[in-house]
Amino acid sequence: MSKKRVFISFDYDHDSDIKLLLAGQAKHPDSPFEFSDASVKEHLTGDWKNKVSRRLDNVDVVIILCGKHTHIAHGVHAELEITQEKRKPYFLLSGYSEGTTTKPKSAKADDRLYKWTWENLKLLIDGKR
């Protein structure tokens with residue numbers, strides 16, 4: 001079974017630490033995914049949304065890593081909109097304990113915020129959501 005290529009969308013200013021933890025889980029021997037790409041802090045020259053769109057063409061699933069300030073993170077908002085436009089599979093993953101994370105503004109009303117456990121992550125990557 002080949003591993004799914006994952007793009008991690010996250011609030012660079014507040015959640016870089018948990019993004020590193022998530023990307024590190026791709027190194028587990030039983031990991032169903034490989035870390036392919038993620039949000040960037042540096043401003044991309046030119047049409048950055050077009051560049052993000054091209055990056056998303058090379059992944060199988062997008063993880064929206066949600067933290068305390070995700071609801072005001074403009075980059076996450078835009079990345080999720082692009083993901084939805086491209087009809088890429090995605091899910092929202094809570095980076096912190098329940099009640100302390102927020103969804104991006106572009107999340108749909110029925111988008112669930114999933115608890116981050118290793119077993120949950122493996123199921124979500126496999127499309128069980």
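# A guided look at a predicted model

Guide: In this predicted model, R87 is exposed, with a relative accessible area of 76%.

Visitor: In which loop is the place of R87?
Guide: The backbone of R87 has a phi near 60°, which is a positive value in a residue other than glycine. As for its position along the chain, R87 belongs to the loop between α3 and β4.

Visitor: Which other residue in that loop forms a salt bridge with D57?
Guide: D57 lies in the loop between α2 and β3, and its partner lies in the loop between α3 (74–85) and β4, so the pair ties together parts that are 29 residues apart in sequence. The partner is partly exposed, with a relative accessible area of 28%, and D57 also counts as partly exposed, at 42%. The side chains meet with N and O at 2.7 Å, and the residue that joins D57 in this way is K86.

Visitor: How many salt bridges does a search of the whole structure find?
Guide: One of them is between K86 and D57, and another is formed by D60 with R5. When the whole structure is searched, the number of salt bridges found is five.

Visitor: How many residues apart in sequence are the parts that D60 and R5 tie together?
Guide: The closest N and O atoms of D60 and R5 are 3.0 Å apart, and the two residues form a salt bridge. D60 is in the loop between α2 (48–56) and β3, while R5 is in strand β1, so the parts that this pair ties together are separated in sequence by 55 residues.

Visitor: Is R5 buried, partly exposed or exposed?
Guide: A residue is buried under 20% relative accessible area and exposed over 50%, with partly exposed in between. The relative accessibility of R5 is 32%, so R5 counts as partly exposed.

Visitor: Which residues are joined into one network by salt bridges that share partners?
Guide: K122 forms a salt bridge with D30, and the closest N and O atoms are 3.0 Å apart. K122 lies in helix α4 and D30 in the loop between α1 and β2, so the pair ties together parts that are 92 residues apart in sequence. D30 counts as partly exposed, at 42% relative accessibility. Salt bridges with shared partners make one network, and its residues are D30, E119 and K122.

Visitor: Which element gives the largest share of the largest nonpolar core?
Guide: The largest nonpolar core has 19 residues, of which F91, L93 and L121 touch the most other members. The elements that give two or more residues to this core are β1 (4–9), α1 (12–25), β2 (33–38), β3 (61–66), β4 (90–94) and α4 (118–125). The largest share is four residues, and the element that provides them is α4.

Visitor: With which residues is F91 in contact, leaving aside its neighbours within four places in sequence?
Guide: F91 is among the three core residues that touch the most other members. Once those sequence neighbours are left aside, the residues in contact with F91 are V61, V62, I63, I64, Y114, L121, L124, I125 and R129.

Visitor: Is A107 buried or exposed?
Guide: A107 has its place in the loop between β4 and β5 (113–115), and if residues up to four places away in sequence are not counted, A107 touches L80, Q84 and L92. The relative accessible area of A107 is 17%, and since the limit for a buried residue is under 20%, A107 is buried.

Visitor: What relative accessible area does T83 have?
Guide: T83 is found in helix α3. If residues up to four places away in sequence are not counted, T83 touches L56, V62, K88 and Y90. T83 is buried, and its relative accessible area is 0%.

Visitor: Is the pair of F10 and Y12 stacked, edge-to-face or tilted?
Guide: A search of the whole structure finds one aromatic pair. F10 counts as buried, at 4% relative accessibility, whereas Y12 is partly exposed, with a relative accessible area of 35%. Planes under 30 degrees apart count as stacked and over 60 as edge-to-face. The ring centres of F10 and Y12 are 5.7 Å apart and the planes are at 35°, so the pair is tilted.

Methods: Residues numbered from 1 in each chain as written. Predicted model: local features only at pLDDT ≥ 70, side-chain atom pairs only at ≥ 80, totals over all residues. Heavy atoms only, no water. Core = buried A, V, L, I, M, F, W, Y, C linked by side-chain atoms within 4.5 Å. Buried < 20%, exposed > 50% of the residue type's maximum accessible area, 1.4 Å probe, protein only. Contact = heavy atoms within 4.5 Å. Salt bridge = Lys/Arg side-chain N within 4 Å of Asp/Glu carboxyl O. Phe/Tyr/Trp six-rings, centres within 6.5 Å; stacked < 30°, edge-to-face > 60°.
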